[in-house]
Amino acid sequence: MAFLRSAVRRMVSAVRSPPAPICRTSTRSYSSEPTREKGVPYEKTLKQQDQASTGPSKPLPRSADVVVIGGGSLGCQTIYHLAKMGVTNVVLLERDRLTAGTTWHTAGLLWQLRPSDVEVELLAHTRNVISKDLEEETGLHTGWIQNGGLFIASNKQRLDEYKRLMSLGKVYGIESHVLSPAETKDLYPLMNVDDLYGTLYVPKDGTMDPAGTCTTLTRAASARGATVIENCRVTGIQVRTDDLGVKRVKAVETPHGTIETPCVVNCAGVWATKLGEMAGVKVPLVAMHHAYVVTERIEGIKNMPNVRDHDASVYLRLQGDALSVGGYEHNPIFWDEFGGKPPRCFSVLYMCTLKEKHTTPCFFLFD
Ligand SMILES: Cc1cc2nc3c(=O)[nH]c(=O)nc-3n(C[C@H](O)[C@H](O)[C@H](O)COP(=O)(O)OP(=O)(O)OC[C@H]3O[C@@H](n4cnc5c(N)ncnc54)[C@H](O)[C@@H]3O)c2cc1C
């Protein structure tokens, strides 16, 4: 965690008291209210509100055109887009509550400018959905906060890359500005800019609220006829071999009944491997631990953009009037439940990004 500490020190020069390395497993606050408590007040977790023992939230249908497994970001986006495309006989099964997997503690950072034009288009679509479409369709706010995004360049090569990103953004109509250190200081007065070459500022980047987004996505899908069932674990996937010798999905099994279906979408996040095994499919996904720290209240930080330093591999996410700071270790700890250390270093976040490209054209990306 040493690099996180030094990143906080470097980026924020006016913190009243040293940041407290506190939080790993508690839920995040998305309130814009001032943080009053001395410690980080995130005591309740969605896990503690677990109602798994109460049984499924709705009766299971006998059949469905599509069964989506997993009620995280990916599953909720999938059911929403299927319903919007007219596939309304679709059921989402979540073993716990919506967002109970990885999604509930995501930073939710959305950076529009990426080195790949496919990703730029996907992110533009996602941003439209969460900042405009969902609100128009449901009358509900997803919790999207447009506080902007700032990429830090601490060497010339990185600044050149950001200039190229700005050009790419122009093609796609994404407003961005390359700022000098002095201009960066004007925008973000708390930042120590002494060792910066410059920054790339994207005013319409922002922060997603995972709970608000998933709730709104499923509300919109349900309004079109889709069914979302929580507290319903998938325990098996029946497959059959068709006349051409091709394996096809036949049904999804749960402790509360079986749903006949020709199509399953595996959106089970880090558990996708297990789900895949149920159907005899190998899912190339590896999970690893990801740590972040949440600071105490920082005077003057409110409304500042999120910050990404690609060289230090660190992000600073605005959280009301505090920051959560996360990063990617060069020596990551893999989750043993999934078979120990793999030969290559993929994070689950990155793998989720790969997965998403194959399953749904609408989800937020991470690097
Ligand atoms: C600290 C942190 C910060 C992050 N920051 C960002 C960010 O800034 N930007 C970004 O784009 N991404 C970020 N990510 C990554 C992002 O959160 C994940 O990629 C995303 O949430 C994964 O969503 P998912 O739907 O694939 O998986 P999950 O949210 O894990 O959903 C899978 C669901 O499947 C359910 N499930 C599992 N097994 C079964 C079963 N047998 N039956 C029924 N249901 C089942 C689980 O209960 C779970 O709810 C971050 C992640 C972390 C941990």
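Helix 2 (residues 73–84) and helix 6 (residues 210–223) are a good place to start in this predicted model. Their axes come within 8 Å, and the two cross at roughly 25 degrees. Angles under 35 degrees count as roughly parallel, so helix 2 is roughly parallel to helix 6. The crossing in which helix 2 passes helix 6 is left-handed.

If you would like to find this contact on your screen, which residues should you pick? On helix 2, choose Ser73, Cys76, Gln77, Ile79, Tyr80 and Ala83. Their partners on helix 6 are Cys214, Leu217, Thr218, Ala220 and Ala221. Sorted by character, the residues of this contact between helix 2 and helix 6 come out as eight nonpolar and three polar, with no charged residue. Among the residues that count as nonpolar here are Cys and Tyr, so Cys76 and Tyr80 of helix 2 and Cys214 of helix 6 belong to that group.

Next comes a sheet. Three strands make up this open sheet, in the order 9-10-11, and their pairing is antiparallel. Its edges are strand 9 (236–241) and strand 11 (257–260), each of which pairs on one side only. On average, neighbouring strands of the sheet are turned by 25 degrees against each other, with direction ignored.

Let us look at one of these pairings. How many bridges join strand 9 to strand 10? There are six, and strand 10 covers residues 247–254. The two strands run antiparallel. For a handy landmark, look for Val239, which stands opposite Val249 in strand 10.

Finally, two loop residues deserve a glance at their backbone. Most residues other than glycine have a negative phi. Asn231 is not a glycine, yet its phi is positive, at about 55 degrees. Ser313 also has a positive phi, of about 60 degrees, although it is not a glycine. The table puts the phi values beside the loops.

| Residue | Phi | Loop |
|---|---|---|
| Asn231 | about 55 degrees | between strand 8 (227–229) and strand 9 |
| Ser313 | about 60 degrees | between strand 14 (306–309) and strand 15 (314–319) |

Are these residues buried or exposed? The cut-off for buried is under 20% relative accessible area. Asn231 has 6% relative accessibility and therefore counts as buried. Ser313, at 14% relative accessibility, counts as buried too. Asn231 thus joins a positive phi to a buried place in the loop that leads from strand 8 to strand 9.

Conventions:
Residues numbered from 1 in each chain as written. Predicted model: local features only at pLDDT ≥ 70, side-chain atom pairs only at ≥ 80, totals over all residues. Heavy atoms only, no water. Pairing = 2+ DSSP bridges. Helix = DSSP H or I, 4+ residues; strand = E, 2+ residues; numbered from the N terminus. Axes fitted to C-alpha atoms, helices over the stretch in contact; angles between N-to-C directions. Parallel < 35°, antiparallel > 145°, perpendicular 65-115°, else oblique. Left-handed = near helix turned anticlockwise from the far one by under 90°. Contact = heavy atoms within 4.5 Å. Buried < 20%, exposed > 50% of the residue type's maximum accessible area, 1.4 Å probe, protein only.
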